[in-house]
Amino acid sequence: MSLSSGSCGNCYYFGDEENGIVIDAGVSLRRLKKTLEECGMTLDSFGAVLVTHDHLDHIRHLGSFCKRLHKPVYTTGILHGALARHSFTADHIASCRRVLPDDGAGTVCGMEVRYFEVPHDATQTVGYAINYKDRRFVIMTDLGRITDEAVDYARQADTVVLESNYDMDMLMGGPYSYDLKMRIVQGNGHLSNDECASAVRRFWHPGLKNIFLCHLSENNNTPELAYRSSADALAAAGAEKGTVSLRCLPRTYPSDLFLL
């Protein structure tokens, strides 16, 4: 389930009746509690938080999570160093600090978790490959371009959450400043619909069941454009119609709780 996916805040839940994790903390604890309760869960339904990077829309409420929930926060050593200095997290992160191994998998709430670096203009940005029971889940929410390593992980997954941030024509014809447009498109910003579609063509495989498009821009994209781009890519890759469930995640409100 996505609780929010975009520049206004990012937060995702992955789990089952036994174990659960939250990825990023861009929504308030009150909103997280309310959303989980609406799905028949509680704050006890997850045991840890993973952090993808230190931009505010991903960590705005992490300090509050740490202060009030005292749940472990897993990410890289580099990112934990940044969180220890960040004004929104510095006061409360120390006791929750858990560092994922640089090579191989860590175990988080009974799940096998690996991180991989992706290009984005934060201190460090990572995607996660999570193996749990018979599910293989990959999430990469902010990235300026697709790497071979990211494609390799996605080729092994049955569910992929991937950024499809902007339509190039909408961005270039829109009101953003030239500098901001260049920040978005020059390899360390965000992934366009076309770049996302190119990645889909590369990582599609017969075992792929779900693709969720995330972090769509409010000003430079539409769900229809993002969906059409990746749907065409699936068809071009050889995916039979109906074999892969393709969805756009909403920006400002929770998605459904999807059964993977």
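**Exercise 1. The sheet**

In this predicted model, find the open sheet and work out which strands stand at its edges.

*Solution.*
Step 1: Start with the strand order. Seven strands make up the open sheet, arranged as 7-8-9-10-11-12-13, and their pairing is mixed.
Step 2: Look for strands that have a single partner. Strand 7 (106–108) and strand 13 (245–248) each have just one partner strand, so one side of each is left without a neighbour in the sheet. These two are the edges.
Step 3: Now follow the twist, which averages 20° from one strand to the next.
Step 4: Zoom in on one edge. Strand 7 pairs with strand 8 (residues 111–117) in the antiparallel sense, over three bridges. Here you can see Thr107 opposite Glu112 of strand 8.

**Exercise 2. Helices on the sheet**

Which strands does helix 5 touch, and across which strands does helix 9 lie?

*Solution.*
Step 1: Find helix 5 at residues 148–155, where it packs on the sheet. Helix 5 touches strand 8, strand 9 (126–132), strand 10 (135–140) and strand 11 (159–163).
Step 2: Compare directions: helix 5 makes an angle of about 155° with strand 8.
Step 3: Move on to helix 9 (residues 223–237), which lies across strand 12 (210–214) and strand 13. Helix 9 runs at about 160° to strand 13.

**Exercise 3. Salt bridges**

The whole structure holds ten salt bridges. For the pairs of Lys133, Glu38 and Arg183, find the partner and say where each pair sits.

*Solution.*
Step 1: Recall the idea behind the search. Side chains of opposite charge can pair when their charged atoms come close.
Step 2: Take Lys133, whose side chain meets that of Asp16 at 2.9 Å, N to O. Lys133 is in the loop between strand 9 and strand 10, while Asp16 is in the loop between strand 2 (9–15) and strand 3 (20–23), 117 residues apart. Together with Glu18, these two residues belong to a network of salt bridges.
Step 3: Check their exposure. Lys133 is exposed at 54% relative accessible area, whereas Asp16, at 23%, is partly exposed.
Step 4: Turn to Glu38, which bridges to Lys34 with the closest N and O atoms 2.5 Å apart. Both are in helix 1 (residues 29–38), four residues apart, so about one helical turn separates them.
Step 5: Finish with Arg183, which pairs with Asp121 at 2.6 Å between the closest N and O atoms. Arg183 is in helix 7 (residues 178–185) and Asp121 is in the loop between strand 8 and strand 9, so this bridge ties together parts 62 residues apart in sequence.

How values were computed:
Residues are numbered from 1 along each chain as its sequence is written. This is a predicted model: local features need pLDDT of at least 70, side-chain atom pairs count only at pLDDT 80 or more; totals for chains, interfaces and linings use all residues. Side-chain values use heavy atoms; hydrogens and water are left out. Two strands pair if DSSP finds at least two bridges between them. Axes are lines fitted to C-alpha atoms, for helices over the stretch in contact, and angles run from 0 to 180 degrees between N-to-C directions. Contact means heavy atoms within 4.5 Å. A salt bridge is a side-chain nitrogen of Lys or Arg within 4 Å of a carboxyl oxygen of Asp or Glu. Buried means under 20% relative accessible area, exposed over 50%, partly exposed in between (1.4 Å probe, protein chains only).
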